[in-house]
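Please open the model in a viewer and keep the sequence panel at hand. The tour below proceeds by selection, with a note on what is found at each stop.

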Amino acid sequence: MGDVVRYRPPRPREETTAAMGMVLFLGSWAMLFAALFLAYGFARMRLTSWPPAGVAALPWKLPLGNTLVLGLSSWSYQRAVREVQMARAARAWPWVAVAMALGITFVGLQVVLWRSVGRSMEPGAAGAYSSVFYGLTWLHAAHAAVGILGLGYVLARAVAGAYSGARHLSLRLWGMYWHFVGAVWALMFVTIFVL
Amino acid sequence: MDTSTVARSPHVHDEPTSFMRKWLFSTDHKVIAKQFLWTGLVFLALGGTLAMMIRWQWAFPGEKVPVLGMFLERAGGMITPATYQSIFTMHGLIMIFWAITPILIGCFGNYTIPLQIGAQDMAFPVLNMMSFWTFIISALLIVASFFVQLGTAAAGWTTYAPLSTNVGTPGLGQTLVVAAIFVTGVATIMGGINYVTTVIRLRAPGMTWMRMPLSVWGLWLTAILNVLFVPVLGSAGLLLLLDRAFGTQFFIAGAAGVKGGGDPILFQHLFWIFGHPEVYILILPAWGMISDIIPMFSRKPAYWYAGTVWAMVAVTVLSAVVYGHHMFLTGMNPLLGKGFMTFTLIISVPAEVLFLNWLHTMWKGSNRFPTPMLFAVGTVFVFGLGGLTGLYLGTIATDIYLHDTMWVVGHFHLTMAAAAFLGSFAGLYYWFPKMFGRQYNETLGKVHFWGSVTFITLVFVGQLIVGFSGQQRRLYDPYQYTYLQHLLTANRLTSYAAFLLALFQVPFVVNFLRSVFAGAPAAQNPWEATTIEWTHAASPPPHYNYNPIPTIVRGPHELANPEVKKLTGRDWAGQAEELPAGAVPAAAKGA
């Protein structure tokens, strides 16, 4: 670092407009997840014990690993963004590929989690406790799946050499989406599995 | 005009020539606005028909329904209790999400925002098109729900759990409807993102915030509320879908309670966190539009423009912190209830500002009363009634008595239905010449207005009266209760008013269809209006709206300015109009 000045040309007006649209979209979706967390908090507040008596607590090791997987994925994606911004666009696509592979790993591990928890606790087995676990992680995984599709699109564009230091809008926007998915997961990990 | 020389922003696509791209999958905001309008009008008719069936049931309970009875063959042409549940449920949902929303927000939002701020299209034209087609998917889900086993949704428009779970309403119909609510929410959010961004990014040079027409302000604030609060409804819908189809128990208490069951009250929280902003989502566009229409026809600048703007902003903010007044009777902490009550009653202050500003604009104006102005004044009238009756519901002491009575129904219909309905027509008649390039028939328009305003007031005041007398809402046959039997006459008269209200929509249908296809060609600015869609764009405007984009030099209502009169001989000056030399004082003025 230090010897290369990061290349930051002024952004075209439409790119700022598009980024604003993405921010609004993510703000909107943040409200969706805020409402889901509200549902969690509300359900938990109404109960005297969490988990309810006679119900085994959720595992935390696998979700912790999964948190790391998503964190690494976001980090890897930012490496790709950085390569593009440093005018080394050709070196970006492996990082996107790693980010995408880690994303797929995340969803795969979620399936493993659902199956292992499902052996002792079905969605309706422990009322709000099991509902919150399954409902929130399902809805989050659906967003992760959309993100993986987006990353696939970005990967295809990167391999095709469509990005340059000056123009890489879809790389930026899908990055915002992907980090959002990661941040929501981090919150879910803390609230559902740790607290 | 030769389009090859037009300097367009790269966002504006070329004008398509094929039928598919021009009329079906168009990205032109004006075409999408009309698509929303037509779809909304069809659903308005459907929702209205359902309303007529409810009114029939309350006037002649258990008797064969004339004409519409053919849809109820299995029950011998009568409305059964189960059918009745579905009818009032779908009336509410269709009117709110598939009639008022597409007309007020989908149509007028799309049509007026880019034209009034001087943009060539929306910020995201393709997203705009996708918003409409997502909306159509939700509409198809709604239509499909009528044809599945056990019929369509029947848990009330509020879809309260546990009635809306499989315990209360089994069957595919309710599931499809909940899914439709989610899908239409996605469509609304797409539109909302577009409107918010467009207003922030694509205003013409000189179009400062405080020079924006008030319609744009209303629609913009609505879009913000949509972006923030429709997703909350979305999450309520998703959780309900999970409960219905995937075995979770977010909203099901009861037997599972010993192991920590869910809570139906949670649904009410999620629903009203969205639901209260929603009522302002539905009225803010109408407020904005009539705030523009009244000055144009009073030939006076809008009284205290900034006050109207800030009052609308205040209502937008307050709308987010009052939802608890729908839930006073759920056993909430009295202190919390008092907080919600206080915020609720505070809303009457900005509402009063708006109200007085409209009246003050008309006061001593050179008022003209063509159809749009009549509808605008009618909106003010019914909204006033609706607002005043709301005070009794926002106050805990009176709400305990009035909760869940027909008083509530009368109140929210006066605001959300009557005011939004009349406000939509004010906008539709006002922009009709611009949208279709043709003039509607003024006489039929006035017949439509007087019939509508008279009978819509009678219908909902009738509901207030029986509600105050103790009639609960949603009763299949109120007269099973001896203490309500004396209300049969009042209900029957109200129903007659409702049937006449429906009858007076015929002049509109005739007028609309005839004028769209064969009306007299409209002038560019038949109203002598001052905003740029009238002064700088033909009727109808070309594909790219403006070329070049006009530079805005003054506020939206430059009317009755003696200096303008001296210079131009007119009592108005357009927002982007350069006056002849010597006009510096008037032209330099802001809003």
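The stops run from whole chains to the interface, the core, a helix pair and single residues.

**Chain A**

The model is a predicted one. Begin by selecting chain A, which has 5 helices and 0 strands. Read from the N terminus, its elements follow the order α-α-α-α-α. Along the principal axes, the C-alpha atoms of chain A fill a box of roughly 60 × 30 × 30 Å. Colouring by burial would mark 39% of the 195 residues of chain A as buried. Of the contacts in chain A between residues at least 6 apart in sequence, 80% join residues at least 24 apart.

**Chain B**

Select chain B next. It contains 19 helices and 4 strands. The box filled by its C-alpha atoms, taken along the principal axes, is roughly 80 × 50 × 50 Å. A compact globule of 591 residues would have a radius of gyration near 25 Å, and the 24 Å of chain B agrees with this. Buried residues form 57% of the 591 residues in chain B. Among its contacts with a separation of 6 or more, 80% are between residues 24 or more positions apart.

**The interface**

Display both chains and select the residues where they touch. Chain A contributes 31 residues to the contact and chain B contributes 35 residues. On the side of chain A that touches chain B, the elements giving two or more residues are helix 1 (13-46) and helix 4 (127-159) of chain A. Helix 1 of chain A supplies the largest share of that side, 17 residues. Colour the side of chain A that touches chain B by residue class: 20 residues are nonpolar, 8 polar and 3 charged.

**The nonpolar cores**

Which residues have the most contacts inside the largest nonpolar core? Select A:V96, B:W220, B:I283, B:I290, B:I293, B:A420 and B:A426, which hold that place in a core of 226 residues. Centre the view on B:A426. Beyond its neighbours within four places in sequence, B:A426 is in contact with B:M289, B:I290, B:I293, B:P372, B:F375, B:A376 and B:T379. A second core, separate and of 5 residues, includes B:L559, B:V564, B:A573 and B:L579.

**A helix pair in chain B**

Now isolate helix 3 (residues 81-117) and helix 13 (residues 406-436) of chain B; their axes come within 11 Å and cross at roughly 35°. The crossing of helix 3 and helix 13 of chain B is left-handed. To see the contact, show side chains for B:M95, B:I100, B:I103, B:L104, B:F108, B:Y111 and B:T112 on helix 3 of chain B, and for B:A417, B:A420, B:S424, B:G427, B:W431 and B:M435 on helix 13 of chain B. By class, the residues of this contact are 10 nonpolar, 3 polar and no charged. B:A420, one of the contact residues on helix 13 of chain B, is also among those with the most contacts inside the largest nonpolar core.

**B:A311**

Move to helix 8 (residues 305-318) of chain B, where B:A311 is found. Is B:A311 buried or exposed? It is buried, because 23 other C-beta atoms lie within 10 Å and the threshold for burial is 20 or more. Measure from B:A311 to B:P350: the C-alpha atoms are 4.6 Å apart in space, although the two residues are 39 residues apart in sequence. Leaving aside neighbours within four places in sequence, B:A311 is in contact with B:P350, B:V353 and B:L354.

**Backbone features in the loops of chain B**

Select the loop between helix 4 (125-145) and helix 5 (172-201) of chain B, in which B:P162 lies. A cis peptide bond joins B:A161 to B:P162, with omega about 0°. The loop between helix 4 and helix 5 of chain B is also the place of B:T159. B:T159 is not a glycine, yet has a positive phi of about 55°. With 24 other C-beta atoms within 10 Å, B:T159 is buried.

Another positive phi, about 60°, belongs to B:V67, which is not a glycine either. B:V67 lies in the loop between helix 2 (29-59) and helix 3 of chain B. B:V67 is exposed, because 10 other C-beta atoms lie within 10 Å and a residue with 12 or fewer counts as exposed.

For the last stop, select B:N547 and B:P548, which are joined by a cis peptide bond with omega about -5°. B:P548 is located in the loop between helix 17 (532-535) and strand 3 (558-559) of chain B.

Key
Residues are numbered from 1 along each chain as its sequence is written. Chains are lettered from A and ligands numbered from 1 in the order in which they are written. This is a predicted model: local features need pLDDT of at least 70, side-chain atom pairs count only at pLDDT 80 or more; totals for chains, interfaces and linings use all residues. Two residues are in contact if their C-beta atoms, placed from the backbone, lie within 7 Å. Ala, Val, Leu, Ile, Met, Phe, Trp, Tyr, Cys and Pro count as nonpolar, Asp, Glu, Lys and Arg as charged, and the others, Gly among them, as polar. A nonpolar core is a set of buried Ala, Val, Leu, Ile, Met, Phe, Trp, Tyr and Cys residues joined through C-beta atoms within 7 Å. Axes are lines fitted to C-alpha atoms, for helices over the stretch in contact, and angles run from 0 to 180 degrees between N-to-C directions. A crossing is left-handed if the near helix is turned anticlockwise from the far one by less than a right angle, and right-handed if clockwise. The radius of gyration is taken over C-alpha atoms; the globule rule is 2.2 Å times the number of residues to the power 0.38.
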